[in-house]
Amino acid sequence: MDRALRRRLEQRFGERLTGPIRQRHDETEIRIAPADVPDVMRTLHDDPAFAFVLLADLGGVDTGHVMQVVYHVWGATTHDWLRVVADGLSRDDPRVPSVTFLWQGAEWLEREAYDMFGITFEGNRDLRRIFMPPDYQSYPLRKDFFLADDAARSPGAGVRHMEQSHAPTNAVPSSAVRRSRVG
């Protein structure tokens, strides 16, 4: 844990943090409002005290109540990875500013989060489906995603007809098999 990083983050972003700074092993986490993403990420990238120049990952999260965007960034000024959570996006219309102005590679990561969670990244020049067909109407990684045949998967609903196993028509009774192995 880099306690100096924690102090720098508290001093620079104290009023913008929406929760406590968390640290565990080699990772530090901060939470911010979606509207603060451009300014906070620009400071983390450009300020020599932080210099988080590598965006390693970006992903969407559906908590069941709100949506989040999670950024994992790395910089040479600390041994800790920094996780930035843009928290509290509306489930009805999740929107957050794009970070492609800092990391061009974020374009594909944002497209994936859009495709799987329906999160709109405002300012992404090519926000379109990347895995699902263009006319697909749902978002597969959301908690409320539903397949029409999901009810048949529940333990009380039995087995779908295509999954039923059938005994071969010329099956030998199990008692005959046991007798033949014994004798």
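His25 sits in the loop that links β1 to β2. Its phi is near 50 degrees, a positive value in a residue other than glycine. The side of the chain here is open to solvent-sized probes: His25 is exposed, with a relative accessible area of 60%. The model is a predicted one. Ala51 gives a second case of positive phi in a residue other than glycine, again near 50 degrees. Ala51 belongs to the loop between α2 and β3.

Now step back to the whole chain. It holds 4 helices and 7 strands. Read from the N terminus, the elements run α-β-β-α-β-β-β-β-α-β-α. Of the 183 residues, 38% count as buried. The accessible surface comes to about 11,200 Å², and carbon and sulfur atoms supply 52% of that surface. Consider the contacts with a separation of 6 or more: 51% of them join residues 24 or more positions apart.

The sheet comes next. It is open, has 5 strands and follows the order β1-β2-β5-β4-β3, with mixed pairing. β1 (22–24) and β3 (54–62) are the edge strands, and each pairs on one side only. From one strand to the next, the twist averages 20 degrees. Take one pair inside this order. Strand β4 (residues 67–74) runs antiparallel to strand β5 (residues 81–89), and 6 bridges connect them. Across this pair, His72 stands opposite Arg83 in β5.

Helices pack against these strands. Helix α2 (residues 37–46) lies across β2 (27–32), β4 and β5. The angle between α2 and β5 is about 175 degrees. Helix α3 (residues 106–117) also packs on the sheet, where it touches β3 and β4. The direction of α3 makes about 10 degrees with that of β3.

Strand β5 also leads to the surface, through Trp81, which has its place in that strand. Val53, Leu54, Trp74 and Trp81 make a nonpolar surface patch of about 340 Å². Trp81 itself is partly exposed, at a relative accessible area of 30%.

Charge is the next theme. Side chains of opposite charge can pair when their charged atoms come close. How many salt bridges does a search of the whole structure find? The search finds 15. Start with helix α1. Glu10 forms a salt bridge with Arg6, and their closest N and O atoms are 3.4 Å apart. The two residues are separated by about one helical turn, because they lie 4 residues apart in helix α1 (residues 3–13). Both are partly exposed: Glu10 has a relative accessible area of 37%, and Arg6 has 27%.

A further salt bridge joins Asp93 to Arg95, at 2.9 Å from N to O. Asp93 is partly exposed, at 40%. Arg95 is partly exposed too, at 39%. Beyond such pairs, salt bridges that share partners build one network from Arg22, Glu27, Glu29, Arg31, Arg83 and Asp87. Arg83 has already appeared, opposite His72.

Look at one link of charged side chains, Glu29 with Arg22. Their salt bridge spans 3.6 Å, N to O. Is Glu29 buried or exposed? Glu29 counts as buried, because its relative accessibility is 9% and the cut-off for buried is under 20%. Arg22 is partly exposed, with a relative accessible area of 45%.

Notes. Residues are numbered from 1 along each chain as its sequence is written. This is a predicted model: local features need pLDDT of at least 70, side-chain atom pairs count only at pLDDT 80 or more; totals for chains, interfaces and linings use all residues. Side-chain values use heavy atoms; hydrogens and water are left out. Two strands pair if DSSP finds at least two bridges between them. Axes are lines fitted to C-alpha atoms, for helices over the stretch in contact, and angles run from 0 to 180 degrees between N-to-C directions. Contact means heavy atoms within 4.5 Å. Patches are made of residues with over 30% relative accessible area and no salt bridge: like charges are joined within 9 Å, nonpolar side chains (Val, Leu, Ile, Met, Phe, Trp, Tyr) within 5 Å. Accessible areas come from the Shrake-Rupley method with a 1.4 Å probe; for residues, only the protein chains shown count as cover. A salt bridge is a side-chain nitrogen of Lys or Arg within 4 Å of a carboxyl oxygen of Asp or Glu. Buried means under 20% relative accessible area, exposed over 50%, partly exposed in between (1.4 Å probe, protein chains only).
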